[in-house]
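Let's take a friendly walk through a chain, going from its overall fold to a few individual residues. Please keep the sequence and the 3D view at hand as you read.

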Amino acid sequence: MSFIEWTEAMSVGSSTLDTHHQMIFDCLNALYPLLDVQGRDAEVHAVLNKLEDFVLVHFSEEEQAMKKAGYPDWKAHKELHDRMYEVVFKLKSDVEHGRTLHAAHLFKLVNDWLIQHIMGEDKKYVPFITDGHAAPSGVWKRGNGREF
Ligand SMILES: [Fe+2]
Ligand SMILES: [Fe+2]
């Protein structure tokens, strides 16, 4: 029972970053059947661990990609990442101190973030990233395929 599926329209122009984003979709789909169910803490914690991997790996790779591509607002974007990073690590620490983490709480956090961040903020750097990977446009070729 899937809640949401990743589609090509959600691509940010990098297969690596898209694969990371798909992990977020997996997290939502894993949490969906756990909403309003008791006694599935281990599964909720497993999703939180996945989310921790995501914020550690994805954020730094995405920030590098934005910088490399010359995306001018990368610093403001990084600040949004840093805030989410802190939220995830606070949850992690709460769980380690024995506090109950409800699936619905994590689901809402990931879902809101998915909509607002991946579909909004991440989409803004797409023209820069895709330009950086496009074939050079200034090269003209003769009929025989050689460059001028
Ligand atoms: Fe992202
Ligand atoms: Fe991002």
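The report below starts with the whole chain and then turns to a helix and a loop.

This is a predicted model. Its secondary structure comes to five helices and zero strands, and reading along the sequence gives the pattern α-α-α-α-α. The chain has 148 residues, and buried ones make up 16% of them. Of the contacts between residues at least 6 apart in sequence, 72% join residues at least 24 apart.

Helix 1 is a good place to look more closely. Helix 1 covers residues 15–31, which is 17 residues; at 1.5 Å a residue these should span 24 Å, and the end C-alpha atoms are 25 Å apart, so the two values agree.

Which residues of helix 1 are buried, and which are exposed on the other side? The table sorts them.

| Group in helix 1 | Residues |
|---|---|
| Buried | Leu17, His21, Ile24, Cys27, Leu31 |
| Exposed, on the other side | Ser15, Thr19 |

Leu17, His21, Ile24, Cys27 and Leu31 are the buried set. They cover an arc of only 90 degrees around the axis, which puts them on the same side of helix 1. Ser15 and Thr19 are exposed on the other side of that helix.

Next comes the loop between helix 1 and helix 2 (41–69), where Asp36 is found. Most residues other than glycine have a negative phi. Asp36 has a phi near 60 degrees, a positive value in a residue other than glycine. Is Asp36 buried or exposed? Asp36 counts as exposed, because it has 8 C-beta neighbours inside 10 Å, and the cut-off for exposed is 12 or fewer.

Key:
Residues numbered from 1 in each chain as written. Chains lettered and ligands numbered in written order. Predicted model: local features only at pLDDT ≥ 70, side-chain atom pairs only at ≥ 80, totals over all residues. Helix = DSSP H or I, 4+ residues; strand = E, 2+ residues; numbered from the N terminus. Expected span 1.5 Å × (residues − 1). Buried ≥ 20, exposed ≤ 12 C-beta atoms within 10 Å, placed from the backbone. Arc of directions from axis to C-beta. Contact = placed C-beta atoms within 7 Å.
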